[in-house]
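Here is a short report on how the parts of one chain pack together. Look over the sequence and the model first, then read on.

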Amino acid sequence: MPLIETEEAARRLARAIASDLSLYNEEKISQGIANDNLFDVLSEEIEEGRQLYKSRVAPDLYNKNFYGRAIVDILVKSKRHIKSKVW
């Protein structure tokens, strides 16, 4: 399979992976946000997603951190309704 070479496609892939993480780990995300340890609770899942993303995009696109931004947008910002001492 050829590597993804466009920023738009790289962003879409990053958001799709982050969305899958959100879909399949809803309870862990809620607990992680409530207890302020989201990135510890989901470290394995996030790293697995990162490796998948890295394997599918060109190195220069990987270095633009689209995956990290998607994780924050989808796993954190979209869960603002969960009570947390952070916000």
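Start with one helix pair. Glu7, Ala10, Arg11, Ala14, Arg15, Ile17, Ala18, Ser19, Leu21 and Ser22 of H1 meet Phe66, Tyr67, Ala70, Ile71, Asp73, Ile74 and Leu75 of H6. Meeting here is contact, that is, heavy atoms within 4.5 Å. By class, this contact has 11 nonpolar, 2 polar and 4 charged residues. Ala, Val, Leu, Ile, Met, Phe, Trp, Tyr, Cys and Pro count as nonpolar, Asp, Glu, Lys and Arg as charged, and the others, Gly among them, as polar.

The model is predicted: local features need pLDDT of at least 70, side-chain atom pairs count only at pLDDT 80 or more, and totals for chains, interfaces and linings use all residues. Residues are numbered from 1 along each chain as its sequence is written, and side-chain values use heavy atoms, with hydrogens and water left out. Helices are DSSP runs (H or I, at least four residues), numbered from the N terminus.

**Helix H1**

H1 covers residues 7-24. Its 18 residues, at 1.5 Å a residue, should span 26 Å, and its end C-alpha atoms are 26 Å apart, so the two agree. The expected span is 1.5 Å times one less than the number of residues.

Which residues of H1 are buried? They are Ala9, Ala10, Leu13, Ala14, Ile17, Ala18, Leu21 and Ser22. Buried means under 20% relative accessible area, exposed over 50%, and partly exposed in between (1.4 Å probe, protein chains only). These buried residues of H1 pack against helix H2 (26-34), helix H4 (43-56), helix H5 (59-62) and helix H6 (66-76).

**Helix H6 and its crossings**

In H6, the buried residues are Phe66, Tyr67, Ala70, Ile71, Ile74, Leu75 and Val76. What covers them includes H1, H2, H3, H4 and H5.

How do the axes of H1 and H6 lie, and at roughly what angle do they cross? They come within 8 Å and cross at roughly 40 degrees. That makes H1 oblique to H6. The crossing is right-handed.

The axes of H4 and H6 come within 10 Å and cross at roughly 140 degrees. H4 is therefore oblique to H6. This crossing is right-handed. Glu45, Ile46, Gly49, Arg50 and Tyr53 of H4 meet Phe66, Tyr67, Ile71 and Leu75 of H6. By class, the contact of H4 with H6 has 6 nonpolar, 1 polar and 2 charged residues.

Some terms need their rules. Axes are lines fitted to C-alpha atoms, for helices over the stretch in contact, and angles run from 0 to 180 degrees between N-to-C directions. Angles under 35 degrees count as roughly parallel, over 145 as roughly antiparallel, 65 to 115 as roughly perpendicular, and the rest as oblique. A crossing is right-handed if the near helix is turned clockwise from the far one by less than a right angle, and left-handed if anticlockwise.

**Single residues**

The table gives relative accessibility for residues outside the helices and for one in H6.

| Residue | Place | Relative accessibility |
|---|---|---|
| Leu3 | segment before H1 | 38%, partly exposed |
| Asn25 | loop between H1 and H2 | 13%, buried |
| Asp36 | loop between H2 and helix H3 (38-41) | 47%, partly exposed |
| Ala58 | loop between H4 and H5 | 3%, buried |
| Asn65 | loop between H5 and H6 | 41%, partly exposed |
| Val72 | helix H6 | 34%, partly exposed |

What does Ala58 touch, leaving aside its neighbours within four places in sequence? Its contacts are Leu3, Ile4 and Glu5. Ala58 and Ile4 are 54 residues apart in sequence and 5.9 Å apart in space, C-alpha to C-alpha.

With the same kind of neighbours left aside, within four places in sequence, Leu3 is in contact with Ser55, Arg56, Val57, Ala58 and Pro59. Leu3 and Ser55 are 52 residues apart in sequence, and their C-alpha atoms are 7.8 Å apart.

Asn25, again leaving aside neighbours within four places in sequence, is in contact with Leu42 and Glu45. Val72 and Gly32 are 40 residues apart along the chain, with their C-alpha atoms separated by 13 Å.

Two residues have positive phi. Asp36 has a phi near 55 degrees, a positive value in a residue other than glycine. Asn65 is not a glycine either, and its phi is positive, about 65 degrees.

Definitions and conventions. Helix = DSSP H or I, 4+ residues; strand = E, 2+ residues; numbered from the N terminus.
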